[in-house]
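The following paragraphs guide a reader through a structure that may be unfamiliar. Please keep the sequence and the model in view while reading.

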Amino acid sequence: MNSSRPYLVRALYEWIVDNDCTPHLLVNAEFPGVRVPPGFASDGQIVLNVSPSAVRNMHMDNEAVSFEGRFGGVAHSLFVPAGAMLAIYARENGQGMVFELEPPVDEDEAGEGPDDDGPSGDEPPRPSGRPSLKVVK
């Protein structure tokens, strides 16, 4: 199953902008594939203002968010893989969502393993206990 993270980021981004707030992304700057301006991260993280007025050519898909932004008056091209996004929130009130750390996917190991061989003919194990949903406000 695909990660829900990029879908949630896109939905929350739209919700924040629709409510006239400023969307910010908290990014793991040390995640493989992240491209942010050097020297602007602190403790391996960087907060990015991704409001429509602050960025150009923004593209959000299931793999990453990319856009052009200015840092210290200098234009930079940024690339943030979905797994590097730690949170999206509105600057004005802090409303948004924090995500769990996601381990980087090793491309050599991707698609390998016993669970990726397709159906084995056996029925999958039935979940035990009661199903539960998390309420997101």
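**A buried residue and its surroundings**

Phe-31 counts as buried because its relative accessibility is 11%, and the limit for that class is under 20%. The model in which this value was computed is a predicted one. Phe-31 is found in a loop, namely the one between β1 (23-28) and β2 (45-49). In sequence, 49 residues separate Phe-31 from Val-80, yet in space the two are 8.8 Å apart, taken from C-alpha to C-alpha.

The description now turns to the strands. An open sheet is formed by three strands, arranged in the order β3-β4-β5, with antiparallel pairing. The edges of this sheet are occupied by β3 (55-60) and β5 (74-81), each of which pairs on one side only. On average, and with direction ignored, neighbouring strands of the sheet are turned by 15° against each other.

Within this arrangement, the contact between β4 and β5 can be followed in detail. Strand β4, comprising residues 64-71, is joined to β5 by eight bridges, and the two strands run antiparallel. One position to locate here is Phe-71, which stands opposite Val-74 in β5.

Aromatic rings offer a further point of interest. A pair of aromatic rings is described by the distance of the centres and the angle of the planes. When the whole structure is searched, one aromatic pair is found. A ring may also be met by a charge: the charged end of Arg-10 sits over the ring of Tyr-7, at 4.9 Å from the centre of that ring.

Notes
Residues are numbered from 1 along each chain as its sequence is written. This is a predicted model: local features need pLDDT of at least 70, side-chain atom pairs count only at pLDDT 80 or more; totals for chains, interfaces and linings use all residues. Side-chain values use heavy atoms; hydrogens and water are left out. Two strands pair if DSSP finds at least two bridges between them. Helices (H or I, at least four residues) and strands (E, at least two) are DSSP runs, numbered from the N terminus. Axes are lines fitted to C-alpha atoms, for helices over the stretch in contact, and angles run from 0 to 180 degrees between N-to-C directions. Buried means under 20% relative accessible area, exposed over 50%, partly exposed in between (1.4 Å probe, protein chains only). Rings of Phe, Tyr and Trp (its six-membered ring) pair if their centres lie within 6.5 Å; planes under 30 degrees apart count as stacked, over 60 as edge-to-face and the rest as tilted. A charge sits over a ring if NZ of Lys or CZ of Arg is within 6 Å of the ring centre and within 35 degrees of the ring normal.
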